[in-house]
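Colleague: Can you walk me through this one? Start with the surface, then we'll go inside.

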Amino acid sequence: MRLRNLVLSNVGPYVGRVELDFTELGDVFLVCGKTGSGKTTIFDAVAYALYGSAVSGRDIVSHFAADGDEVFVDLDFEAGRQRWRVQRKPARTVAKKRGAGTTDRPMEVALWRREASSWIPAGGKATEVDAALERIIGLSSKEFIKIVLLPQGEFQRFLEMNTGERTPILEKLFPVDLHAAVSDLAREKAKEAEARARDLDDRIRVSQEALGAEPEAALVAAGRELDSARAAEKAAGGALDAAKASGQAAAIGARAWAELEAARGEREALEAGASQAASLSARLSRAEAAVGASAALEAAGRARQERSAAELSVSAASAAMADSDSKAPGAASTRERLGELATGLAAMDREAGLLAARSMAWARLLGASDRLESARTRLGTAQAARDAASLSLAKEVVALEALEAGVADSKALSAERDAAAAGAEAGREAVRLSLESERFSAELEGLRSRLAVETASRGDAAARLAEATVALASAEAAVESRRDAIAAERLASRLADGQPCPVCGSPDHPAPAGAEAGVAMRAGQHDGGKLEDTERALSGARNAARSMENDAVAAGTRAAQLEKTLSQREAEAASLLPVLSVAESLANLRAASGRLEAADRALALEADRSVEAARARAAIGRLRGGFDAAVAELSAAAAMVSAAESAAAEAASGAGGSDPGPLVDALGMKRASVSAEQARLESELAAWERERGNAVARAAEASARRQRALDALVLAEADAAMALAESGFDSEEAWAASVMGGSELAASKAEVMARANAESSSAARLAAAERAVAGVSRPDLAAIESALGLAEAAYVAARERLDAAARAERDTSAGLEALAGLVAERAALRERGDRLVAMARLLNGDTEGRRLSFKNYALGSYFAMVVDRASVRLREMSDARYDMRVAEGKAGGRGRVGLDLEVLDSFTGVARPASSLSGGEKFLASISLALGLSDVIVSRAGGVALDSIFIDEGFGSLDDETMDRAIAALDRVRGERVIGIVSHVAELRSRIPSRIEVEKARRGSTLRVVS
Amino acid sequence: MRIFHLADLHLGKSIHERDLLEDQRHALDAVLCAVGAESPACVLIAGDVFDRSVPTAEAVTLFGSFAAAIKAIDPGIAIVVIPGNHDSAARLGFMATVLAQAGVHIASDPESCDSPVVVENGGDRTRFWLLPFLTPGAFHRESPVPDLSIAGQAGLFDEPEPILRSQADMFAEAMRRIGEAMSGERTRDQTRELDSGTRAADVLVCHAFARGGLASESERVFLGTAELVDGTAFDAFDYVALGHLHRPQAVGSRGRYPGSILAYSFSESDGERGFLSVELSPGSSLAEFRPISPLRRMVRFHGSYDRVLSDPALSVYEGDYVEAVLDDADAVLNPMEALRRRFPNILSLRQAAFERTEVRGVSGAAGRSEALSIADEFAAFHREVREVDPEQADAALFAELCEEASREAP
């Protein structure tokens, strides 16, 4: 089985659709990628597509898949030269599209076969397809994952199984069904044989009992009895036959006599009817003669009939004519009446016209009265309206006059207001000025005080400065003198008598400074110190003087500034106008504000008033308009009234005083009745005329018919007379009497003929009967009958005895035979049954000692083959260190064959169980075992081609060298097989160029084929 | 000029779980001595420098010190390396451009096979055309590949292979490219020849299994690609420095395999291993095999357990790597322990007693794999349990039962 193409949709970690083309990969390929990226999923999907369940047990449906996503696996593969495709969708529980809740969708699977270039469906029901796939691949799911797909961790389970666990798997892999079937069949048959033996024994016993103690003697006696019964029967039979024969003869005689009597009777009957027969034949001959003339006579008869019919019709027609004539006067009077009616109708029409005119006038009158009514009403309303309008108008005018009386001079008011506003403004200004002037004087005071302070400090500073200057001068003097003293001492110390003094040049030095040398030195030192002190004091004094000076200057500057400012401000103060005090100006302001308020109020009042006046004016205008309108309306209404009155008077003139309606109605009715009568009469007249016409026509027709009939009659009678004469009748009456109907004629003929036959046959019969009776006497039937009966009874009895005897004899001999048969059968069964039992025991491992069943033996030998092949592989992969063998010594006990594995280590020379190998060694052993299994399966009859092997992980447990060896060995032994390896081992990536790289991303994994 | 041609160092390899680095170091030291003695202009390593794509640190260090030692002897010696099928070309070729400036040329990209490495020495010029081991997909399809595949001829309308897969195809493409470049160079040579009077020699360096070569047990088979390359293209070159086959041998008149520097499997223990010292000149080459005596030999003994354990004639091998094949009739218990005491470097042990059962098993299996009829199986079973052949009547009964059972079976 070779994979060609795999499509995954939302399977495992693969989101969306992922496609994998295996044909792009080489014969050895690697599936690599990080842990959990989805490598195993690829093979899971293959197993799922084929068998409906993933090997690893993981769910096929991707966790990333939403309910609406399609989840399926589609596998295109080749098996035995035929290409197939299977698509499988897992069962899912998804949310309903409409409504709440979930719906369960079952697993769906479909299978196609490739023919030419298209896919032919080959099944759609899950069970069908699953069975078909198992047939196509040749392996069940369990076998598949032992031999073709070695799943992660699974393969070594097979390696480590014990016999009990391995047996069922091997039973499925190897064809031991027949072995098991034969063993079972043998057991069944053995049981059957035993049962049959027991059954046979029972039957033998029963049969023996039935036969009794001396079966042979009974048989002989039965035979004898049979013989005598047979003889008796024969005799009785002979007697019966004789009786029968005589009976028959008697019967014959009796019959002959009876026949004679019958024939005589018949003859007599015939003779009785002879005369009747004769007259009948005479009639017959006459009738035959009459036939000839019948046609003509009948024709004459018909003509006569026709003539009488024509006469009848003539008379009928003339009766009708007479009837019609009798009605003529009636018709004339009807015409007269019709004329009267017509005149009457015309007069009525004229009257109707007059009445119609009167009606119209009456209607007009009614209309005019109505209009007059309404016009008067309108007039009334118009008057009322006018009155009302004038009232309201007057009211408004009065109001307006009142308003206009109180007009005031708005101009003066507004002037007053302005003045008040100005006054208020001035007051505010005055307040402001007063406040400011207060502030100003406060400021001046402050300045003055500060100036005083500053001036004082200036004075202080100056004083201090003077002091400091003095101190400075004194300090300087002190330093100077000290320095001089020191210098002098120094010079003095250097003075030598006779040498000129550096200062004055005198050679004598009477009193050198600091004469006491030691003291001078000491003083110098001390003075040195003192000098320093003095110098320090000097510098201090200098500093003090400087700072004093600064202070004085600063104070002076400040004071000067203040003075300047003060003078400025005072100048400003002088320029200010004299103002009132704050309190005064505030009082002024309050007064001015009050005035302003009053002016405002007056102004407002005035404004209100003028607004009112304007409104009143407007109202007046409107009312006046209304009034005018009412007046106009009034006049119009009056006009209308007069018009309506005149119209009404006019209408009354032509109306005639009363309502003409009823008259019109009466006239109409009368007219209707008249015209109805007219119509009736007209139709009566028309009917009479029609009748008359018909009668005339009929009369003419009837006479014509009569004439024709007479002519025909003459001819017919002539023909008839001729025919009569020809046929020999004297008259027609004679002929009529002789005529016979067709059937009567035929019947008479037949009767005559029959009679003739009867006569002849009767004669013959009589003759024959007389002949037969000749020489035979009349038998006595009764006696013969009774004799026969007796003979029969005797015979029956004899027969019964014979039957009984025969039965008894038969039973006995059959019983003996059966017994013999049973005994023989039993004997044969013994031998075969024993053999069967022995065979059953052998095949099912029930023997003592080696308890091995046939099936397990076969299994064991197959397994030995597998292990042989596996061992070869293992030697290759382990570089001849390890051998695989079936473990011996477990065959004892309970019919189990040893199916345990052990591995032989050439380094130690000892075998150890497969479970004791290391992980990597187990992996090698498992692959070897899988290869061994597949070798053997392929070679068995009808073995399926195992073209592929997929190994999921395991290489990680091998060290480099072993992995090299394993890969090399796999490559060597694979032959034509495709080997797919799933591994994360990095070294394999560089070894195997054909790869499927699986990359894991946050949202699903992706595949990439590298080759 | 003289060059040294080595190949298949397989540094870092271990066999039977024994690390051979020490032995490899010893062999490389021997090479270094020869370098000192013969002063080749170039040391050439034709692939399989390391045994794995990610070699051990010690192996890498060893190679580094080997190269450094060569340069120490004479900095002017060019070192030329190509990766083989065991190496990771990318890893081997790291810093190739920098190293090239120091006179160490590592070719790891097949696309650059048409730019040769030129080595000049005392007036001689040699062009080395370096072809790393070709992995499928090595070349981007440049020239259209004619659709001569059987599939194409059968009219299945499959597209022609866009990627070259087999060794033969890729090698042909490489030869085409190198051939073009080489003829260009030779044309240029001709103009130069008129000036200086000598033309350059052309050497092809490649790692492949050339048709006509003999394989050994320790070579790794190329997985999934057709192996052999055609050696007829070799005639275009003056010398073809090959690598991959571990047995020193020649292919055609120009191609030489130096073989691996050590014997790497016990079946190779008979031949010598070493490298080639080649005197190159335009138009001819003379290659001499320089054997390397290994630190420890690979030796295989056959004999009974007692003999192997005690025969004094085998004392010379006591320090070597040993495979002992014991031909005792019965399996020997724990031979390894005892043998290891005499031969501390014994790596592998086979017991012929096991192989014999194996042989029997195989032939028995072969016999059985023809479908044994169930009747025969029954007979065998009968013999197994009752120890006699079945009687005629029993066999007949069995046959009858079989037939009935198989009829009943669906």
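Modeller: First, a term: accessible areas come from the Shrake-Rupley method with a 1.4 Å probe, and for residues only the protein chains shown count as cover. Chain A exposes about 55200 Å², and carbon and sulfur atoms supply 56% of that. This is a predicted model: local features need pLDDT of at least 70, side-chain atom pairs count only at pLDDT 80 or more, and totals for chains, interfaces and linings use all residues. Residues are numbered from 1 along each chain as its sequence is written, chains are lettered from A and ligands numbered from 1 in the order in which they are written, and side-chain values use heavy atoms, with hydrogens and water left out.

Colleague: And how much does chain B expose?

Modeller: About 18500 Å². Carbon and sulfur atoms supply 54% of it.

Colleague: What share of each chain is buried?

Modeller: In chain A, 35% of the 1011 residues are buried. In chain B, 50% of the 410 residues are. Buried means under 20% relative accessible area, exposed means over 50%, and partly exposed is in between (1.4 Å probe, protein chains only).

Colleague: How many helices and strands are there in each chain?

Modeller: Chain A has 19 helices and 17 strands. Chain B has 11 helices and 19 strands. These are DSSP runs numbered from the N terminus: helices are H or I with at least four residues, strands are E with at least two.

Colleague: What about contacts between residues at least 24 apart?

Modeller: Take contacts between residues at least 6 apart in sequence, where contact means heavy atoms within 4.5 Å. In chain A, 76% of those join residues at least 24 apart. In chain B the figure is 69%.

Colleague: Let's pick a helix. How far does H2 of chain A reach?

Modeller: H2(A) covers residues 126–137, so 12 residues, and spans 16 Å from first C-alpha to last. That is close to the 16 Å expected at 1.5 Å a residue. The expected span is 1.5 Å times one less than the number of residues.

Colleague: Which of its residues are buried?

Modeller: Val129(A), Ala132(A), Leu133(A), Ile136(A) and Ile137(A). They sit on the same side of H2(A), because they cover an arc of only 120° around the axis. The arc is that of the directions from the helix axis to the C-beta atoms.

Colleague: Why would spacing like that put residues on one side?

Modeller: An α-helix has 3.6 residues a turn, so residues three or four places apart point the same way.

Colleague: What does the buried side pack against?

Modeller: In chain A, helix H1 (39–51), strands S4 (72–79), S5 (82–89) and S8 (108–115), and helix H3 (141–147). The face turned away carries the exposed Thr127(A) and Arg135(A). Just after H2(A), Gly138(A) takes a positive phi of about 85°.

Colleague: Which residues have a positive phi without being glycine?

Modeller: Ala116(A), at about 50°, and His16(B), at about 45°, are two to look at. Most residues other than glycine have a negative phi.

Colleague: Are those two buried or exposed?

Modeller: Ala116(A) is exposed, at 76% relative accessibility. The loop that holds Ala116(A) runs between S8 and strand S9 (118–121) of chain A. His16(B) is buried, at 18%. The loop for His16(B) lies between strands S2 (14–15) and S3 (18–19) of chain B.

Colleague: Switching to charges. How many salt bridges are there?

Modeller: 95 over all chains. A salt bridge here is a side-chain nitrogen of Lys or Arg within 4 Å of a carboxyl oxygen of Asp or Glu.

Colleague: Which chains does the Arg52(B) bridge join?

Modeller: Arg52(B) pairs with Glu987(A), with the closest N and O atoms 3.4 Å apart. Arg52(B) is in the loop between strand S4 (42–46) and helix H2 (57–73) of chain B, and Glu987(A) is in helix H19 (residues 986–991) of chain A, so the pair joins two chains. Both residues are buried.

Colleague: And one inside a helix?

Modeller: Glu436(A) and Arg432(A), at 3.3 Å, N to O. They are four residues apart in helix H9 (residues 410–494) of chain A, so about one helical turn separates them. Glu436(A) is partly exposed at 37%, and Arg432(A) is partly exposed at 42%.
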